[in-house]
Amino acid sequence: MEPLNDLSTMVGITTTNILLTGASGYLGQHLLDHFLKNPPSSDEDHQTIYRITALYHKSKHFAAAVADYTAASSSSSSGPRNNVQIIPKAGNLIDFTSDHEQQFDVCIHTAALSSPRECENNPETATAINVPKQFLEATKDIPIMIVLSTDQVYDGKQNVVMNPNNEMSTLFYKEDDTTDNSKSGPPLNVYGQTKLQLERTLRGIRNDKESRISSIVLRSSIILGPKAPIDNEAAHDTFLHFCASRGGQGKAKPTELWIDEYRTVVSVDHVCRVILKSMTILLLKTTTPIATDNNDDYQIFNMGGPWRLNRYEMGKAVFDYFGWESNDNNILIPANQTATTVPLDISMDSTKLQQFTGIVHEPATFEELVAAVFSPTIK
C-alpha cells in the first residue's frame, strides 16, 4: 500500500491496489457495486483509497457500463464513495502476465468457467480457465489472494447417515472433508475437479513464500441475489430468476425441479461482505507486527447460507412470493436427479468462516432473500 503524497497531509492517506478478476461476471459486478456503496470504513486519522483494476474478458461494453453506472449513481444518497476508483481492463487469465509497473496489494479471483455442463463438454477449456497456472505464477507475489472455489469439490454421497436411533441424519461437510481418508471422495464433475485442482495449485505456488503472503479459498454454494447491477447482459441471472421465468398467469411452463439435490445456498450480499471483511483482516495482518488470532497463510472456508434446500423448495418459494400456484397443471414437478455428475447433497457447515469474519448471514430466512431479490427496495 502506497501513500498518496499529493493529497492532504492532515490525514494519513494510503492506496490499496486491488486486482479483481471476473469483474464483468455476476459476483464481480456485485463486488464492484459493494465497494462503491459500502467500502471498508476508514478511521478519523487515516483514509484508504481503493484502486480496483477490474479485469474482464467477454463483455464488449463493460468499460462503458462501469463509467455510466458510476456517473449515474454518484448523485444518489447511496452512490459511490470518493475513496473507490475502478479501472476496467480487458484481458484473460490464460495469457495473463505480471505488470511490473502495477503493484497489487490484493487479488480477488472470481473468474471461472462455472457452468458444470460446459465444463463437462469442454474439460480442457475448463482446466485452462479454472486452473490458470500462468496467472497464478504471475500473481504469486501479491500479498493477499482471495479465491472463489465451489461446494462441488465435495462428492455429496455421504452427507446423510443413520443415527443411533436408526433415523436419517444430515452431516454437513467441513473444510477438511476433501483430504485423504475423509468422508468425501473425489469430485463427481469436471467443474469440481478443476476447482479442487485450483486450490491445490494455489497452495503449491504460494506456499514457498517466506514473506507475509496470505491466501484464502472460499468454497461457495449457489450464490443468489438481485440481477447483476452494472452490465446485466454480461452476466448470468440466478436460479431464482430462472424459477420466476417458469411462472406467471398465462405463461407458466411445466418444469421439473430436483427434490434430492441439496445445497446451502448463499446471498450475494453476504458473499460480498465476507470478501471485503476477509480482505480487511488480512490487510491488518500484513501491515502490523501484531499477530491475528489465526496465523495460517493458506486458509480454506466453506461459504454457504443457513438453509439446506433442494431445487424444488427454492422454486416453490419463488412461486409463493408471487402468489402463483405451483401445483396447478403440474407447473413445478418434483423430480429426482439422475445425472451421475451432479452431487446430491453438498450442504456445508460454514461455522469456521463466521468465526473468522464475525459476519452472520443475512437475511435470516430464505423467504426474505427471495423478497430482496425481486423487490430490491426491501432490505
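A residue counts as buried here when its relative accessible area is under 20%. Keep that cut-off handy for this walk through a predicted model.

**Stop 1: helix 6**

Select residues 190-206, which make up helix 6. The helix has 17 residues and reaches 24 Å from its first C-alpha to its last, close to the 24 Å expected at 1.5 Å a residue. Now colour the buried positions: Val190, Tyr191, Gly192, Thr194, Lys195, Leu196, Leu198, Glu199, Thr201, Leu202, Ile205 and Arg206. Because 12 of the 17 residues are buried, helix 6 is largely enclosed by the rest of the structure.

What covers those buried residues of helix 6? Bring up helix 3 (116-121), helix 4 (123-130) and helix 5 (133-138), which are among the covering elements. Then add strand 6 (144-150), strand 9 (214-220) and strand 14 (298-303), which are also included in the cover.

**Stop 2: strand 5 and its partners**

Leave strand 6 on screen and select strand 5, residues 106-109. Strands 5 and 6 run parallel and are joined by 4 bridges; one place to look is Val106, whose bridge partner in strand 6 is Ile144. Next, show strand 2 (residues 12-21), which pairs with strand 5 in the parallel sense, again over 4 bridges. There, His109 of strand 5 has Thr21 standing opposite.

Turn on the side chains of strand 5. In a regular strand, side chains alternate between the two faces of the sheet. Here Val106 and Ile108 point one way, while Cys107 and His109 point the other. Are these residues buried or exposed? All of them are buried.

**Stop 3: His241**

Jump to helix 7, residues 239-245, and pick out His241. Its relative accessibility is 11%, so His241 counts as buried. Which residues does His241 touch, leaving aside neighbours within four places in sequence? Show Gly225, Pro226 and Lys227, then Val373 and Phe374: His241 is in contact with each of these.

**Stop 4: the rings**

Stay with Phe374 and add Phe319, Tyr321, Phe322 and Trp324; together these form one aromatic cluster. Across the whole structure, a search finds 12 aromatic pairs.

Two other rings have a charge over them. Go back to helix 7 and select Phe239 with Arg311: the charged end of Arg311 sits over the Phe239 ring, 4.7 Å from its centre. For the last selection, take Phe301 and Lys352. Lys352 lies over the face of Phe301, at 5.1 Å from the ring centre.

Note on methods. Residues numbered from 1 in each chain as written. Predicted model: local features only at pLDDT ≥ 70, side-chain atom pairs only at ≥ 80, totals over all residues. Heavy atoms only, no water. Helix = DSSP H or I, 4+ residues; strand = E, 2+ residues; numbered from the N terminus. Buried < 20%, exposed > 50% of the residue type's maximum accessible area, 1.4 Å probe, protein only. Contact = heavy atoms within 4.5 Å. Expected span 1.5 Å × (residues − 1). Phe/Tyr/Trp six-rings, centres within 6.5 Å; stacked < 30°, edge-to-face > 60°. Lys NZ or Arg CZ within 6 Å of the ring centre and 35° of its normal. Pairing = 2+ DSSP bridges.
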